[in-house]
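Student: I'd like a close look at one part of this protein: its cysteines, and whatever surrounds them. Could you take me through that part and then connect it to the rest of the fold?

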Amino acid sequence: MSQHGTKKRKLDRSTEDYMYFDSYSDVTIHEEMIADTVRTNTYRMGIFKNSKSIEGKVVLDVGAGTGVLSLFCAQAGARKVYAVEASSIADQAVRIVKLNQMEDRIEVIKATLETIELAEQVDVIVSEWMGYALLHESMLNSVIFARDKWLKPGGLILPCRADLYIAPINDLVVEGRLNFWSTVKGQYGVDMSCMTDFARKCIMNKDITVNPVTVEDVLSHPCKFAELDLNTVTLEQLKDVRGVFSCQCFGSSSIHALCVWFTVTFPAEEKALVLSTSPFKPETHWKQAVLYLDDAVDVMQDTKVEGEISLYPSEENSRHICIRVDYVIGEQKKHSKTFSIPDQYLEVK
């Protein structure tokens with residue numbers, strides 16, 4: 001037994017990497033990411049706001065995909081950009097770079113970051129490494145590897161910081177689905193109310209559900225529970241990103257789940273630029289990570305929701321995230337639940 005649960009068959013690293021990079025070889029995920037205007041525009045602005053640090057300098061783009069961030073860096077005046085991408089989308093990045101007449105400044109390297117050799121140290125690292133619940137996919141490991149091996153002392157990392165937040169939420173859709181079984185008798189003359197418990201186990205399960213959460217469903221102010229400084233965070237620290245939280249409910253409602261989201265921050269001379277996946281901000285393709293409790297809990301104004309949350313790599317596949325939450329709601333006893341990403345999300349982002 002491990003500290004996090006029962007040990008299952010672990011995939012070897014080469015299999016993990018193949019599954020991960022293969023998921024990026026199709027156009028759909030790149031279309032989704034480029035079409036996410038919050039994501040793409042914030043990166044563009046974050047790069048241009050740091051043009052003084054980029055102009056005439058060498059940039060490393062970790063997990064370059066179609067090369068859009070590399071092109072932004074070249075447009076911001078970079079002398080040289082190494083665009084490293086291990087999946088077959090690198091072939092398309094080469095074509096895009098050529099189409100934009102940047103092949104003299106952008107070099108696409110089709111390989112894993114950990115296996116490449118560069119001709120020089122770099123001044124800037126740029127990467128869009130975030131996954132669902134921030135850490136699903138574990139691409140941040142490659143950014144840290146690149147920082148330790150290739151970034152000059154005092155070099156720039158874009159973005160430079162990540163923050164994780166949590167809040168309790170109400171889910172009227174789930175509430176309606178659970179109540180549905182009590183309405184069958186009135187409609188068809190057959191009592192199926194005993195299905196409610198079965199439905200609850202099926203719906204409020206141990207999956208990390210990726211869904212957009214509406215502002216009206218959030219039941220407290222957000223609570224920040226972890227902060228990662230990309231200039232200093234270590235691979236060891238990423239094995240267990242944890243923090244405590246304490247929220248106070250706005251009013252009378254039912255808590256069905258806890259909701260997790262993240263922000264990343266780009267440095268700027270005047271005001272830092274933040275890319276947020278909060279339900280209080282415009283929707284991104286990351287949406288929010290929803291963690292359903294085993295049972296809905298009724299709360300009133302100022303009911304406390306507090307506990308500890310831990311994000312760590314799955315033992316079966318280190319690129320996949322697990323989340324453990326120990327929580328107390330009001331006067332209830334402490335509960336613990338461990339969540340993981342279900343199969344339908346493992347190949348898409």
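Tutor: Happy to. In this predicted model, the sulfur of cysteine 223 has its closest cysteine sulfur in cysteine 247, 4.9 Å away, which is too far for a bond. A disulfide is a covalent bond between the sulfur atoms of two cysteines. The cut-off used here is 2.5 Å between the sulfurs. Cysteine 249 is in no disulfide either, as its nearest cysteine sulfur, again that of cysteine 247, is 7.7 Å away. A search of the whole structure agrees, finding zero disulfides. Both residues are covered: cysteine 223 counts as buried because its relative accessibility is 13%, and cysteine 249 counts as buried because its own is 1%.

What is packed against cysteine 223? One contact is phenylalanine 245. Leaving out neighbours within four places in sequence, phenylalanine 245 also touches Ile166, Leu258, Val305, Glu306, Gly307, Glu308, Ile309, Val325, Asp326 and Tyr327. Two names in that neighbourhood come back at the next level up: Phe245 and Ile309 are, with Leu60, Trp129 and Leu134, the residues that touch the most other members of the largest nonpolar core, which has 88 residues. Domain 1 (13-128) and domain 2 (163-346) both contribute residues to this core, so it lies between them. There is also a second, separate core of 17 residues, with Tyr165, Ile169, Val218 and Ala257 among them.

Next to Ile309 in sequence is serine 310, in strand S13 (residues 304-313). Serine 310 counts as buried because its relative accessibility is 3%. From serine 310 to another cysteine, cysteine 322, the C-alpha distance is 8.2 Å, with their positions 12 residues apart in sequence.

Leucine 134, one of the well-connected core members, deserves a stop of its own. Leucine 134 sits in the loop between S4 and H7 and has a positive phi of about 70° although it is not a glycine. Most residues other than glycine have a negative phi, and most peptide bonds are trans. Leucine 134 is buried, because its relative accessible area is 1%. Glutamine 101 makes a good contrast: its phi is also positive, near 55°, but glutamine 101 counts as exposed because its relative accessible area is 66%. Glutamine 101 belongs to the loop between helix H6 (90-99) and strand S3 (106-109). For a peptide bond that departs from trans, look at leucine 158 to proline 159, which is cis with omega near -10°. Proline 159 is in the loop between S5 and strand S6 (161-169).

After leucine 134 the chain reaches helix H7 (residues 140-150), whose buried residues are Leu140, Ser142, Val143, Ile144, Ala146, Arg147 and Trp150. An α-helix has 3.6 residues a turn, so residues three or four places apart point the same way. The cover over the buried residues of H7 includes strand S1 (58-62), strand S4 (122-127), strand S5 (151-158) and strand S8 (223-229). The last of these brings us back to cysteine 223, the residue at which S8 begins.

Beyond S1, threonine 66 lies in the loop that leads to helix H5 (68-75). Threonine 66 is a loop residue that counts as buried because its relative accessibility is 16%. Apart from residues up to four places away in sequence, threonine 66 touches His30, Ile34, Ile89, Ala93 and Ile96. Lysine 271 is a loop residue too, between strand S10 (253-266) and strand S11 (273-276), but lysine 271 counts as exposed because its relative accessibility is 67%.

Now zoom out. The protein has nine helices and 15 strands, and 52% of its 349 residues count as buried. The C-alpha centres of domain 1 and domain 2 are 32 Å apart, while 19 residues of domain 1 are in contact with 18 residues of domain 2. Among contacts between residues at least 6 apart in sequence, 76% join residues at least 24 apart. The C-alpha trace spans about 75 × 40 × 40 Å along its principal axes. For 349 residues, a compact globule would have a radius of gyration near 20 Å, and the 22 Å found here agrees with that.

Definitions and conventions. Residues numbered from 1 in each chain as written. Predicted model: local features only at pLDDT ≥ 70, side-chain atom pairs only at ≥ 80, totals over all residues. Heavy atoms only, no water. Core = buried A, V, L, I, M, F, W, Y, C linked by side-chain atoms within 4.5 Å. Buried < 20%, exposed > 50% of the residue type's maximum accessible area, 1.4 Å probe, protein only. Domains from an automatic or database assignment. Contact = heavy atoms within 4.5 Å. Helix = DSSP H or I, 4+ residues; strand = E, 2+ residues; numbered from the N terminus. Rg over C-alpha atoms; globule rule 2.2 N^0.38 Å.
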